[in-house]
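Hi there,

Here is the structure I promised to pass on to you. Please open it beside this email, and then read on for what turned up in it.

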Amino acid sequence: MKIYIDGKFYAKEDAKISVFDHGLLYGDGIFEGIRAYNGRVFRLDEHIERLYDSAKAILLNIPVSRAEMAQAVLETCRQNNLKECYIRLVVTRGVGNLGLSPDRCERPTIFIIAAALELYPQKFYTEGLSVVTASTVRTSPAALNPAVKSLNYLNNIMAKIEGKLAGALEVIMLNSEGLVAECSGDNIFVIKHGRIVTPPIYMGALGGITRQSVMGLAEELKADLREMPLTRYDLFVADEIFLTGTGAEIIPVVQVDGRVIGDGKPGEWTRKFISAYHDLTRRSGTPI
Ligand code: PMP
């Protein structure tokens with residue numbers, strides 16, 4: 001495995017970051033999770049744009065251009081001879097001293113890892129997931145906006161651990177108003193009487209690239225999709241629920257907090273979106 005760090009490639013054993021890097025000391029940095037299918041990187045431009053938006057929001061100046069960053073992602077896939085993989089692109093504040101201030105961090109650290117991905121076990125794509133609501137609320141957009149894909153994932157990790165303790169592989173996170181925000185690592189879509197609803201980003205969600213793809217597919221499929229606030233009640237009485245994320249793709253949910261969703265099986269719309277998304281990932285992307 002060859003790992004990109006600041007313009008050079010290193011063997012996995014030699015791919016090392018300083019203990020003074022503020023990405024490690026403070027979670028001060030940003031990242032992207034990207035997928036390649038069939039020799040093409042899916043939605044590369046969208047991921048690069050979100051990365052630079054995250055950087056701008058936290059006043060981090062990425063020292064390479066967007067085009068160079070995109071090339072670095074493609075080159076990492078090439079160096080590893082991968083046609084299907086998960087790519088982790090990370091930009092940290094860089095090496096500084098032990099103080100909080102980023103002033104002493106002279107240059108952001110950029111690293112890229114391309115590797116095989118462990119998805120949820122296949123049976124959950126056909127049978128659906130059982131999820132629970134975490135009591136850990138999603139970080140308020142007024143504190144640290146979840147729209148920024150920052151290295152500060154402890155909020156999500158605490159929720160994920162709650163899910164694990166309850167025997168659930170994913171958890172729904174509410175915002176401080178008690179409205180549905182997203183999941184620990186996925187966005188959420190709810191279907192009732194043929195209308196598909198996902199919470200607006202300002203509820204406290206990441207603007208997911210898969211979410212964006214589903215919105216595009218909804219137009220192609222002539223589905224009625226809207227962004228609207230959702231409560232747990234809306235989840236309990238839904239006909240169908242599915243989650244979206246680069247790693248998870250589209251995964252059905254058949255149980256929430258012990259309530260069976262719809263008839264307890266992945267619904268028709270969910271299956272349509274899974275199949276349309278599968279086709280989309282294979283027919284588009286930037287060639288490696
Ligand atoms: N929300 C959170 C908190 C995430 O970490 C992710 C990415 N795993 C998503 C949503 C989904 O975003 P994307 O579709 O861009 O992967």
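Let's begin with the ligand and its contacts. An oxygen atom of the ligand is 2.4 Å from an N or O atom in the side chain of Tyr153. Please keep in mind that this is a predicted model. The side chain of Glu182 also takes part: one of its N or O atoms is 2.6 Å from a nitrogen atom of the ligand. Arg50 adds a further contact, with 2.8 Å between an N or O atom of its side chain and an oxygen atom of the ligand. Taken alone, the ligand exposes 390 Å², and the protein buries 93% of that.

Now step back and look at the surroundings. How many residues surround the ligand? There are 18, and the closest are Tyr153, Glu182, Ile209, Thr210 and Thr246. If you sort the shell by character, you get 4 nonpolar, 9 polar and 5 charged residues. To find parts of this shell on your screen, look for strand β9 (180-183), helix α6 (209-220) and strand β13 (240-245), each of which supplies at least two of its residues. The space that the ligand takes up is the largest pocket.

Next, here are some single residues to click on.

Gly204 sits in the loop that runs between β11 (195-198) and α6. Is Gly204 buried or exposed? Its relative accessibility is 0%, so Gly204 counts as buried. Try selecting Arg138 together with Gly204: they are 66 residues apart in sequence, yet their C-alpha atoms are 6.6 Å apart in space.

Two residues are worth a look for their backbone angles. As background, most residues other than glycine have a negative phi. Glu249, however, has a phi near 60°, which is a positive value in a residue other than glycine. You will find Glu249 in strand β14. With a relative accessibility of 14%, Glu249 falls under the 20% cut-off and therefore counts as buried.

The other one is Asp257, where phi is near 50°, again a positive value in a residue other than glycine. Asp257 lies in the loop between β14 (249-256) and β15 (259-260). Which side chain does the side chain of Asp257 make a polar contact with? The partner is the side chain of Arg232, at 2.8 Å. Asp257 is buried as well, because its relative accessible area is 18% and the limit is 20%.

For contrast, here are two residues that are not classed as buried. Pro102 is in the loop between β5 (85-92) and β6 (109-115). Its relative accessible area is 33%, so Pro102 is partly exposed. Pro102 and Phe20 are 82 residues apart along the chain, and 11 Å separates their C-alpha atoms.

Ala67 belongs to helix α3 (residues 66-79). Why does Ala67 count as exposed? Its relative accessibility is 54%, and exposed means over 50%. Between the C-alpha atoms of Ala67 and Ile48, which are 19 residues apart along the chain, the distance is 8.8 Å.

If you would like a place to start, go back to the ligand and find Tyr153, Glu182 and Arg50 around it. After that, follow the chain to Glu249 and Asp257, with their positive phi values.

Enjoy exploring, and write back with any questions!

Best wishes

Technical notes
Residues numbered from 1 in each chain as written. Predicted model: local features only at pLDDT ≥ 70, side-chain atom pairs only at ≥ 80, totals over all residues. Heavy atoms only, no water. Near = heavy atom within 4 Å. Polar contact = N/O pair within 3.5 Å; in protein donor to acceptor, adjacent residues only side chain to side chain. Areas by Shrake-Rupley, 256 points an atom, 1.4 Å probe, with all protein chains shown as cover. 1 Å grid on protein atoms, 1.4 Å probe; cavity = no way out; pocket = protein on both sides within 12 Å on 5 of 7 lines; lining within 4 Å. Sits in = over half its atoms within 2 Å of the grid points. Helix = DSSP H or I, 4+ residues; strand = E, 2+ residues; numbered from the N terminus. Nonpolar A, V, L, I, M, F, W, Y, C, P; charged D, E, K, R; others polar. Buried < 20%, exposed > 50% of the residue type's maximum accessible area, 1.4 Å probe, protein only.
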